Amino acid sequence: MTDLELLKKYEPVLRFTKGEVYFPTDIEGYIAKCSLWVSHSDKSEEKILSEGKVTLKTLLAKRNLKQGDVLYLRFVDLPSIENITQRILKEGRLDMRGKKRGWKPGRSRLARVGYVSRIIDALFSLTLLARGKVPGAVAAIAEEKSRKINKKGQNYSYYGRVFRDSGWIGLQYWFFYHYDDWRTSFEGVNDHEADWEMISIYLYEEKKKIIPKWVVFACHDFIGDDLRRRWDDTEQLEKVGTHPVAYIGAGSHAAYYQPGEYLIESELPYLTRALPILNKIKYFWQTSVRRNLGNVQISDKNLTIPFVEYARGNGISIGANQEKKWNPVLLSPAPDWLTKYRGLWGLFTKDPIGGEDAPAGPMYNRDGTPRFSWYDPLGFSGLDKVPTPPLEIKYLEDEIKKLKKKQAFLSKKVKAKTIQLQKLGASRKPLASSPILTKELRKLDLEIKILLAEINPLRRELSQDQIVLEEATLRLKKLKKGIEDDPRLHINTLQKPTASSQMRFDRLTEIWSAVSIGLLLVGFMLILIFLPAYTISAVVILIIAFLLTESVFRGKFSESVRTIAIFLALVSIAIIIYSFFWSIVIGLLLIGGVYLIYNNVREALA
Amino acid sequence: MKKKTKVAVENTTLVKKLPLAILIVVLISTLSLVLIAIDLLELFRHLDVPISQIPSSFLSTYKSDEKFIYYIQLFLTSGLLVAGVAATIGLLSLKKWGWTLTMFLVGIGLAINILSFSAGQPTFILMLARIVQAILLDQEPVRSAFEENHDRS
């Protein structure tokens, strides 16, 4: 089977959400509508090629770029204020574009999370005012441009790569989209021009047959074991014949195994340093004060912003037996645009967090370094430590052989030393019975001690290796019979769509979630104006009032009252200790002394 | 006759079921209520206005008279007294809302104590009493007693 045939046999089926307007397509049509720019290290921007002059050939022409320069394509020229105003007058709001295309938002993302996440979200929203972002009108113009490109018929393409590594045959499907409008159209994290997404399938060869084993859907910045699903995991992985089905997030184009809405918690890199401290405080609160010993939940994601991915699959589908068909493009041999162009495929906004910047191509990161999923696809999927089934059998057989050899050697050694020890033991008895032979006895005891120190670790090793050998033999038997483990054993965090029961918030809760943080800021402002002398106390009271109001909406009023009261009690205890520190110390010493005297006297009299 | 006996037995059983911790909390609450009642009487005496005329008198002092603050104190103290009585009744009947309301009042009390301390007027005895209440109410057996009763009802 040729590489192209292999790719076609397993090409995924992609199911999009209603309201999505960008689909995987060819790069030629996109590049033809782009201009080429360079952003210099002194922050100046220079247009190198105008729209219409950029081709796959001209893109790769040699250029004198300096350290810190960033080469990038630009799909949409930044509109003028006049242009933006005309658009607003014509279309109304420039965001919420998904709604105009038939997408229905789910329950408010802010209503799904607590105060900390909403505060972080508020800060994130405020930072959008300061940091680089794709201007709102760009999404509208990009949509228009994209529709024009596809006017004569959309070309649904993927770029396929086949590689062979450590026994695995990897099929990588790269999908290119004109634009990612998650933020402007679907209330998501970010927007950026151009989008590259990837799905991998891993197969192996056994007795001249090619057998699929793993599927990997790349999703945002996740890597490792959690990304992949086993081919026979029917609960998690949907298939149409030999074609795995992926549900594509609206706007972001991330791929999911099951349809639904996913609450994505996006970490801000600057806040992750506070995580270890936060976790320690949380652990102390839950175990010591709340005495919640059986139920401590320490998350590695505390300071996060909540977003919702809509991967509903109720829009168009592309792939085998679907309404739209694929046009595969083989990346072998690797074309020049793939290997030689290290620039960005869309607008460079200089966003320090990076969310609004366009991606680089499949081979590179935004900073020009090689992309992990390209240079180490096995590592990216967590398969670098997983042998193919035939190799696993071979390695296990080798391991068992080695262990048996070692066991034989150790047994012989232990036996010899045991005989030696027993001989020493036999010599000891006559010495022990004679008081004048104490010196010789001590010498012999020392010899016995040294020998025991040699034998005990050997026995321990023998025993442990025996257990390993038994387990390995059992596993080998299972593998040879074709008995598989739980297909989800490797997964730490299973990503699941939000259950409908978790999304039952009433309208009031949603409104409160949306306005609470803003109201809090207004409250702080009013305190500073009208109660400057009582700022700290008033702020604390305001925060407590908000927390209690929140808890009413979420049906957790009782729990919140308890938490706050206990917290205030702890503060009061600290105040009392501080105010009466020496009196408390003297009191404790007195009580301790009296108790000890009483106890000891009672013991003495008894 | 049988019905009355049944109710009497149930009531006796209920009283027997009250954890000691709740009785202590109720005792402290009762003492607090007595102090609040004394404060209320002091306020009434200071204002020197018949109860029926309080609303009209309050409106006339609105923002323009120093007695306005006393009226605010009067309303707040009355509210606390009523809430305190309701909470105590709720505690004794092992009602969940009684537990919540008591804890809520303990929280308010502690907040006032902390503010008084920061203003240089500490009230350590009251603070200590409320700490004891909070700790006792937070005990697992105490909370369970209210949860069981809530589930049963």
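**A helix of chain B set against its expected span.** The expected span of a helix is 1.5 Å times one less than its number of residues. In this predicted model, local features need pLDDT of at least 70, side-chain atom pairs count only at pLDDT 80 or more, and totals for chains, interfaces and linings use all residues. Residues are numbered from 1 along each chain as its sequence is written, chains are lettered from A and ligands numbered from 1 in the order in which they are written, and side-chain values use heavy atoms, leaving out hydrogens and water. Helix α4 of chain B covers residues 67–92 (helices are DSSP runs of H or I with at least four residues, strands runs of E with at least two, numbered from the N terminus). Its 26 residues should span 38 Å at 1.5 Å a residue, and its end C-alpha atoms are 37 Å apart, so the two values agree.

**The buried residues of α4(B) and what follows the helix.** Buried residues of α4(B) (buried is under 20% relative accessible area, exposed over 50%, partly exposed in between; 1.4 Å probe, protein chains only) include Phe68(B), Tyr71(B), Leu74(B) and Thr77(B). Further along α4(B), Ala83(B), Gly84(B), Ala87(B), Thr88(B), Gly90(B) and Leu91(B) are buried as well. After α4(B) comes Leu94(B), which has a positive phi near 55°.

**Asp3(A) meets Arg164(A).** A salt bridge (a side-chain nitrogen of Lys or Arg within 4 Å of a carboxyl oxygen of Asp or Glu) joins these two residues, with the closest N and O atoms 3.3 Å apart. Helix α1 (residues 3–10) of chain A holds Asp3(A), strand β5 (residues 157–165) of chain A holds Arg164(A), and the pair links distant parts of the chain, 161 residues apart. Asp3(A) has a relative accessible area of 22%, so Asp3(A) counts as partly exposed. Arg164(A) is exposed because its relative accessible area is 52%.

**Glu238(A) meets Arg15(A).** Here the closest N and O atoms of the salt bridge are 2.8 Å apart. Glu238(A) sits in the loop between β9 (228–230) and β10 (239–240) of chain A, while Arg15(A) belongs to strand β1 (residues 13–15) of chain A; the bridge spans 223 residues and links distant parts of the chain. With a relative accessible area of 29%, Glu238(A) is partly exposed. Its partner Arg15(A), at 16% relative accessibility, counts as buried.

**Arg312(A) meets Glu261(A), with a network elsewhere.** Look for a salt bridge whose closest N and O atoms, from Arg312(A) and Glu261(A), are 2.9 Å apart. Arg312(A) lies in the loop between β14 (304–311) and β15 (317–318) of chain A, and Glu261(A) in strand β13 (residues 260–267) of chain A, so distant parts of the chain, 51 residues apart, are linked. Arg312(A) counts as partly exposed at 22% relative accessibility, whereas Glu261(A) counts as buried at 11%. Salt bridges that share partners also join five residues into one network: Glu559(A), Arg562(A), Asp138(B), Glu140(B) and Arg143(B). Over all chains, the salt bridges number 27.
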